[in-house]
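Please read this report alongside the sequence and the coordinates. It takes up domains, internal space, a ligand site and two backbone features in turn.

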Amino acid sequence: MASIYEYSKEELATLVEGEPGYRLDQLWHGLWTDALDLEDVTTIPKTLRARLRAQFPPSLEVANDVASDHGATRKWVFRLENDSTIETVLMHYDDRVTVCVSSQAGCAMGCTFCATGQAGFSGQLSVGQVIEQVMFAVRAAAPARLSNVVFMGMGEPLANYATTVSVVRRLHDYLGLSARHLTVSTVGVAPAIERLAKEGLPLTLAVSLHAANNETRDELVPLNRRYPLERLHEACTTWIDVTGRRLSFEWALIDGVNDTDQAIDELSAYANSLDAHVNLIPLNPTPGYLVRGSSAKRVTEFRDGLVRQGVNATVRNTRGRSIAAACGQLATVTNAKRRSIPVRSA
Ligand code: SAH
Ligand code: SF4
């Protein structure tokens with residue numbers, strides 16, 4: 001069954017046809033401005049609410065809700081109608097409040113170091129299912145205001161292309177988030193990056209690079225065998241040329257694998273040729289990948305090495321590790337084939 005957040009403003013109007021004209025505004029205000037669950041939009045009459053609720057049951061059921069970092073990080077596990085689960089993470093920082101949303105249940109890309117990739121794919125999410133994740137975050141963030149949405153949860157957003165495009169448009173048009181505050185992270189689906197560049201969407205693109213030589217990247221990111229670094233470079237060039245925006249590369253630092261001096265040189269050359277920003281993330285532990293993340297000392301040395309070569313590089317601090325809510329740790333995909341990983345509270 002569809003979520004009411006599947007609907008654009010024009011489509012919502014059709015649901016309240018025959019009602020007084022102000023009903024649409026009340027419904028719209030309740031759902032989008034106040035981020036209320038349909039049940040709580042008390043400005044509209046009970047009977048209408050009941051009719052809409054029967055037509056649009058919530059598409060996400062909370063299966064787990066855990067907090068860490070003294071309440072600054074919160075993770076929800078949501079069960080979908082088909083019984084698979086997805087995860088959403090809300091993070092409060094000094095200067096912003098960010099929600100990390102899932103774009104698919106699981107992921108088919110199979111990156112070796114990523115828990116979602118290790119668990120496999122169990123289905124696409126709809127526009128409404130992604131927006132409902134954002135709405136949970138808006139409600140939970142209050143009185144703070146949700147400021148950023150990042151597509152860095154489960155799944156590959158560009159492998160659920162139409163949904164991603166539609167969600168970005170609505171978050172911009174309806175929630176008022178700007179391109180700087182909307183980030184889509186991709187493993188590097190080159191043709192989809194080129195197509196996305198031409199959509200004229202307000203978003204920031206992050207590309208998960210992790211290696212700047214094909215041999216290592218083939219190992220870490222299987223999609224590299226299909227779209228190797230040279231092809232990805234072409235797509236990134238198109239992105240920059242068409243949108244006029246910079247992009248950033250994500251790099252999970254893995255001990256002895258992609259944190260060597262040679263890796264600094266390779267990454268510097270690749271990033272500089274595209275004037276890209278580099279975001280370093282110390283690898284988070286996952287059950288299916290036994291190599292460790294780089295030490296804190298090596299992370300700093302690596303960053304300094306990049307900076308010396310003129311790269312704009314920053315280290316992203318890790319949130320939510322203790323509740324398996326950090327980058328790459330989302331994996332409670334439950335379906336017939338897979339065992340779920342229990343969520344422990346911090
Ligand atoms: N599929 C998209 C977005 C979801 S993954 C992508 O791959 O970009 C979000 C980010 O988490 C990506 O940069 C991914 O490479 C990173 N990531 C995956 N596993 C990780 C791990 N174990 N430690 C740190 N980062 C990880
Ligand atoms: Fe999928 Fe991204 Fe994980 Fe790769 S890193 S398996 S693309 S979620």
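The paragraphs below describe the model from its domains down to single residues.

This is a predicted model, in which local features need pLDDT of at least 70 and side-chain atom pairs count only at pLDDT 80 or more, whereas totals for chains, interfaces and linings use all residues. Residues are numbered from 1 along each chain as its sequence is written, chains are lettered from A and ligands numbered from 1 in the order in which they are written, and side-chain values use heavy atoms, with hydrogens and water left out.

The domain assignment, with bounds that come from an automatic or database source, gives domain 1 (4-55) and domain 2 (61-323). Contact between them, meaning heavy atoms within 4.5 Å, takes 13 residues from domain 1 and 11 residues from domain 2. The C-alpha centres of the two domains lie 33 Å apart.

Empty space was sought on a 1 Å grid over the protein atoms alone: a cavity is a set of points where a 1.4 Å probe fits but cannot get out, a pocket is an open set with protein on both sides within 12 Å along at least five of seven lines, and lining residues have an atom within 4 Å of a point. Grid points are joined across faces, edges and corners, and a volume is the space filled by probe spheres set on the points. The structure holds one cavity of 30 Å³ or more.

| Space | Volume | Lining | Nearest the centre |
|---|---|---|---|
| Largest cavity | about 510 Å³ | 33 residues | Phe-113, Cys-114, Ser-208, His-210 and Gly-328 |
| Largest pocket | about 930 Å³ | 36 residues | Arg-96, Val-150, Thr-183, Asn-279 and Arg-316 |

With Ala, Val, Leu, Ile, Met, Phe, Trp, Tyr, Cys and Pro counted as nonpolar, Asp, Glu, Lys and Arg as charged, and the others, Gly among them, as polar, the cavity lining divides into 17 nonpolar, 13 polar and three charged residues, and the pocket lining into 16 nonpolar, 13 polar and seven charged. Helices (H or I, at least four residues) and strands (E, at least two) are DSSP runs numbered from the N terminus; helix 4 (115-119) and strand 8 (182-186) are among the elements that each supply at least two residues of the cavity lining.

Ligand 2 sits in the largest cavity, in the sense that more than half of its atoms lie within 2 Å of the grid points. The residues around ligand 2, each with a heavy atom within 4 Å, include Cys-107, Cys-111 and Cys-114.

Two loops carry backbone features. A cis peptide bond, with omega about 10°, joins Ala-142 and Pro-143, and Pro-143 is found in the loop between helix 5 (127-141) and strand 7. Asp-69, in the loop between strand 1 (61-68) and strand 2 (73-79), has a positive phi near 50° although Asp-69 is not a glycine.
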